[in-house]
Amino acid sequence: MTSSTKDMFEHSQLVETTWPGAYAALCISSGYFAYDQGDMLLYHLYSGPIPSILSHHLILLICFILALYRNVAINYLILTLICEVKFYIVMGSSMLSIFF
């Protein structure tokens with residue numbers, strides 16, 4: 001790992017600065033989560049008295065919007081999005097294995 005890459009993951013870099021494109025990516029992700037939450041509520045695409053997916057989206061929206069408003073910890077939240085992307089890749093590969 002080079003010095004600049006190593007410094008990129010220091011706590012101060014993750015909290016006090018913003019990587020190029022990170023603010024825009026968080027804005028787009030917030031819009032996606034808001035749309036998805038609205039879609040699920042409008043068409044009742046959830047189950048149970050307290051749907052976990054709606055709770056998950058609400059918590060993410062609160063964190064993302066506050067971070068964007070205060071302009072802090074945006075890089076940390078971008079790292080959390082990597083987990084979201086990984087989940088869809090794993091789900092996609094498991095779905096492909098069912099059909100093929």
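# Helix packing: exercises

In this structure, α3 makes a left-handed crossing as it passes α4. The model is predicted.

## Exercise 1

Task: Decide whether α3 and α4 are roughly parallel or roughly antiparallel, then name the residues that make their contact.

Solution.

- Step 1. Take the geometry. The two axes come within 9 Å and cross at roughly 150°.
- Step 2. Apply the cut-off. Angles over 145 degrees count as roughly antiparallel. α3 and α4 are therefore roughly antiparallel to each other.
- Step 3. List the α3 side. The contact uses Tyr23, Leu26, Cys27, Ser29, Ser30, Phe33, Ala34, Asp36, Gln37, Met40 and Leu41 of α3.
- Step 4. List the α4 side. The partners are Ile53, Leu54, His57, Leu58, Leu60, Leu61, Phe64 and Leu68 of α4.
- Step 5. Sort by class. The contact of α3 with α4 divides into 14 nonpolar, four polar and one charged residues.

## Exercise 2

Task: Describe how α4 and α5 are packed, giving angle, handedness and contact residues.

Solution.

- Step 1. Locate the helices. α4 covers residues 52-70 and α5 covers residues 74-99.
- Step 2. Take the geometry. Their axes come within 10 Å and cross at roughly 150°.
- Step 3. Name the arrangement. α4 and α5 are therefore roughly antiparallel to each other.
- Step 4. Add the handedness. The crossing of α4 and α5 is left-handed.
- Step 5. Find the residues. From α4 come His56, Leu60, Cys63, Phe64, Ala67 and Leu68. They meet Ile74, Leu77, Thr80, Leu81 and Glu84 of α5.
- Step 6. Sort by class. The contact of α4 with α5 has eight nonpolar, two polar and one charged residues.

## Exercise 3

Task: Work out which term describes the arrangement of α3 and α5, and say what classes of residue meet there.

Solution.

- Step 1. Take the geometry. α3 and α5 pack at about 55°, and their axes are 10 Å apart.
- Step 2. Name the arrangement. This angle makes α3 oblique to α5.
- Step 3. Add the handedness. α3 passes α5 in a left-handed crossing.
- Step 4. Find the residues. In α3 they are Ala22, Tyr23, Ala25, Leu26, Ser29, Tyr32 and Phe33. In α5 they are Ile74, Asn75, Leu77, Ile78, Leu81, Glu84 and Tyr88.
- Step 5. Sort by class. The contact of α3 with α5 has 11 nonpolar, two polar and one charged residues.

## Exercise 4

Task: Find which elements give two or more residues to the largest nonpolar core, and which of them gives the most.

Solution.

- Step 1. Size the core. The largest nonpolar core has 14 residues.
- Step 2. Find its best-connected members. Leu26, Phe33, Phe64, Ile74, Ile78 and Leu81 have the most contacts inside the core.
- Step 3. Assign the elements. α3 (22-43), α4 and α5 each give two or more residues to this core.
- Step 4. Pick the main contributor. α4 gives the most, with five residues.
- Step 5. Look around one member. Leaving out residues up to four places away in sequence, Ile78 touches Trp19, Ala22, Ala25 and Leu26.

## Exercise 5

Task: Inspect Asn71 and Ala73; state the sign of phi and whether each is buried, partly exposed or exposed.

Solution.

- Step 1. Recall the usual case. Most residues other than glycine have a negative phi.
- Step 2. Check Asn71. Asn71 has a positive phi of about 60° although it is not a glycine.
- Step 3. Check Ala73. Ala73 has a positive phi too, of about 55°, and is not a glycine either.
- Step 4. Place them. Asn71 lies in the loop between α4 and α5. Ala73 lies in that loop as well.
- Step 5. Apply the cut-offs. Buried means under 20% relative accessible area, and exposed means over 50%. Asn71, at 43%, is therefore partly exposed. Ala73, at 22%, is also partly exposed.

## Exercise 6

Task: Show how α2 and α5 are linked, using Val15 and Tyr76.

Solution.

- Step 1. Place the residues. Val15 is in helix α2 (residues 11-16). Tyr76 is in helix α5.
- Step 2. Check exposure. Val15 is partly exposed at 24% relative accessibility. Tyr76 is partly exposed at 32%.
- Step 3. List contacts beyond four places in sequence. Val15 touches Val72, Ala73 and Tyr76. Tyr76 touches His11, Leu14 and Val15.
- Step 4. Compare sequence and space. Val15 and Ile74 are 59 residues apart along the chain, with C-alpha atoms separated by 7.0 Å. Tyr76 and Gln13 are 63 residues apart, with C-alpha atoms separated by 9.5 Å.

Terms used
Residues are numbered from 1 along each chain as its sequence is written. This is a predicted model: local features need pLDDT of at least 70, side-chain atom pairs count only at pLDDT 80 or more; totals for chains, interfaces and linings use all residues. Side-chain values use heavy atoms; hydrogens and water are left out. Axes are lines fitted to C-alpha atoms, for helices over the stretch in contact, and angles run from 0 to 180 degrees between N-to-C directions. Helices (H or I, at least four residues) and strands (E, at least two) are DSSP runs, numbered from the N terminus. Angles under 35 degrees count as roughly parallel, over 145 as roughly antiparallel, 65 to 115 as roughly perpendicular and the rest as oblique. A crossing is left-handed if the near helix is turned anticlockwise from the far one by less than a right angle, and right-handed if clockwise. Contact means heavy atoms within 4.5 Å. Ala, Val, Leu, Ile, Met, Phe, Trp, Tyr, Cys and Pro count as nonpolar, Asp, Glu, Lys and Arg as charged, and the others, Gly among them, as polar. A nonpolar core is a set of buried Ala, Val, Leu, Ile, Met, Phe, Trp, Tyr and Cys residues joined through side-chain atoms within 4.5 Å. Buried means under 20% relative accessible area, exposed over 50%, partly exposed in between (1.4 Å probe, protein chains only).
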